[in-house]
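The exercises that follow ask you to read a model from its coordinates, one step at a time. Try each task before turning to its solution.

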Amino acid sequence: MEDKIMGNPFEDAKESFRLYSTVKNIKKWGTERGITDGDPSRQLNKLMEELGELAEGFNKKVPEQIEDSLGDMFVVMTLFAEQNGLNIVDCIQSAYETIKDREGKTVDGVFVKSEDLED
């Protein structure tokens, strides 16, 4: 039986392997092109450029541009993490560990943590 939150364990394992393989391929691609040895500020600028393209795609309701921009942002963030001696999956896990037990409420579609609601 498939649970909406937990999903299907076999499908979850396939998705995990797909993510692992994709991150590995991105790192290899970046290394082969000398990106991971480059200036991290260039990747940070590239991330901001991709964020602008994402906003444009969202505002103009162009799903293909949204998908492309999200993918490009993940590639750039993966390489930026590598340039700074970090692993993108560890960064994601750390962010989740920070938020997983956080309390608060959703206001206009944005989660606001409890301590920020008290103001």
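## Exercise 1: Serine 69 and its helix

In this predicted model, serine 69 counts as buried because its relative accessibility is 0%, which lies under the 20% cut-off for that class.

**Task.** Establish where serine 69 is placed and what it touches, and then describe the helix around it.

**Solution.** Begin with the placement: serine 69 belongs to helix 3. Next, set aside residues up to four places away in sequence; the contacts of serine 69 are then Glu50, Glu53 and Leu54.

Now widen the view to the whole of helix 3, which has 21 residues and reaches 30 Å from its first C-alpha to its last, close to the 30 Å expected at 1.5 Å a residue. Its buried residues are Ser69, Met73, Val76, Thr78, Leu79, Ala81 and Gln83, and these pack against helix 1, helix 2 and helix 4. Beyond the end of helix 3 comes glycine 85, with a positive phi near 70°.

## Exercise 2: Threonine 36 in its loop

**Task.** Is threonine 36 buried or exposed, and which residues does it touch?

**Solution.** First locate the residue: threonine 36 lies in the loop that runs between helix 1 (9-32) and helix 2 (40-59). Then apply the cut-off: threonine 36 is buried, because its relative accessible area is 15% and the class takes in values under 20%.

The third step is to list the surroundings. Leaving out residues up to four places away in sequence, threonine 36 touches Lys27, Gly30, Thr31, Leu79, Glu82 and Gln83. With one of these, threonine 31, the side chain of threonine 36 forms a polar contact of 3.4 Å. Finally, consider threonine 78, which is 42 residues from threonine 36 along the chain, although the C-alpha atoms of the two are separated by 9.6 Å.

## Exercise 3: Helix 1 from end to end

**Task.** Check the length of helix 1 against expectation, then describe its two ends and its buried residues.

**Solution.** Start with the length: the 24 residues of helix 1 should span 34 Å at 1.5 Å a residue, and the end C-alpha atoms are indeed 34 Å apart, so the two values agree.

Turn next to the ends. At the start of helix 1, a side-chain oxygen of asparagine 8 comes to within 2.8 Å of the backbone nitrogen of phenylalanine 10, while just after the helix glycine 34 adopts a positive phi of about 75°.

Last, examine burial: the buried residues of helix 1 are Ser21, Val23, Ile26 and Gly30, and their cover includes helix 3 (63-83) and helix 4 (88-99).

## Exercise 4: The chain as a whole

**Task.** How many helices and strands does the chain have, and how does its radius of gyration stand beside that of a compact globule?

**Solution.** Count the elements first: the chain has 5 helices and 2 strands, arranged from the N terminus on as α-α-α-α-β-β-α.

Then take the overall dimensions. A compact globule of 119 residues would have a radius of gyration near 14 Å, whereas the chain has 17 Å, and the C-alpha trace spans about 45 × 40 × 30 Å along its principal axes.

To finish, look at burial, surface and contacts. Of the 119 residues, 17% are buried, and the accessible surface comes to about 9300 Å², with 56% of it belonging to carbon and sulfur atoms. Among contacts between residues at least 6 apart in sequence, 45% join residues at least 24 apart.

Terms used. Residues are numbered from 1 along each chain as its sequence is written. This is a predicted model: local features need pLDDT of at least 70, side-chain atom pairs count only at pLDDT 80 or more; totals for chains, interfaces and linings use all residues. Side-chain values use heavy atoms; hydrogens and water are left out. Helices (H or I, at least four residues) and strands (E, at least two) are DSSP runs, numbered from the N terminus. Buried means under 20% relative accessible area, exposed over 50%, partly exposed in between (1.4 Å probe, protein chains only). Contact means heavy atoms within 4.5 Å. A polar contact is a pair of N or O atoms within 3.5 Å; within protein, one must be able to donate a hydrogen and the other to accept it, and residues adjacent in sequence count only if both atoms are side-chain atoms. The expected span of a helix is 1.5 Å times one less than its number of residues. The radius of gyration is taken over C-alpha atoms; the globule rule is 2.2 Å times the number of residues to the power 0.38. Accessible areas come from the Shrake-Rupley method with a 1.4 Å probe; for residues, only the protein chains shown count as cover.
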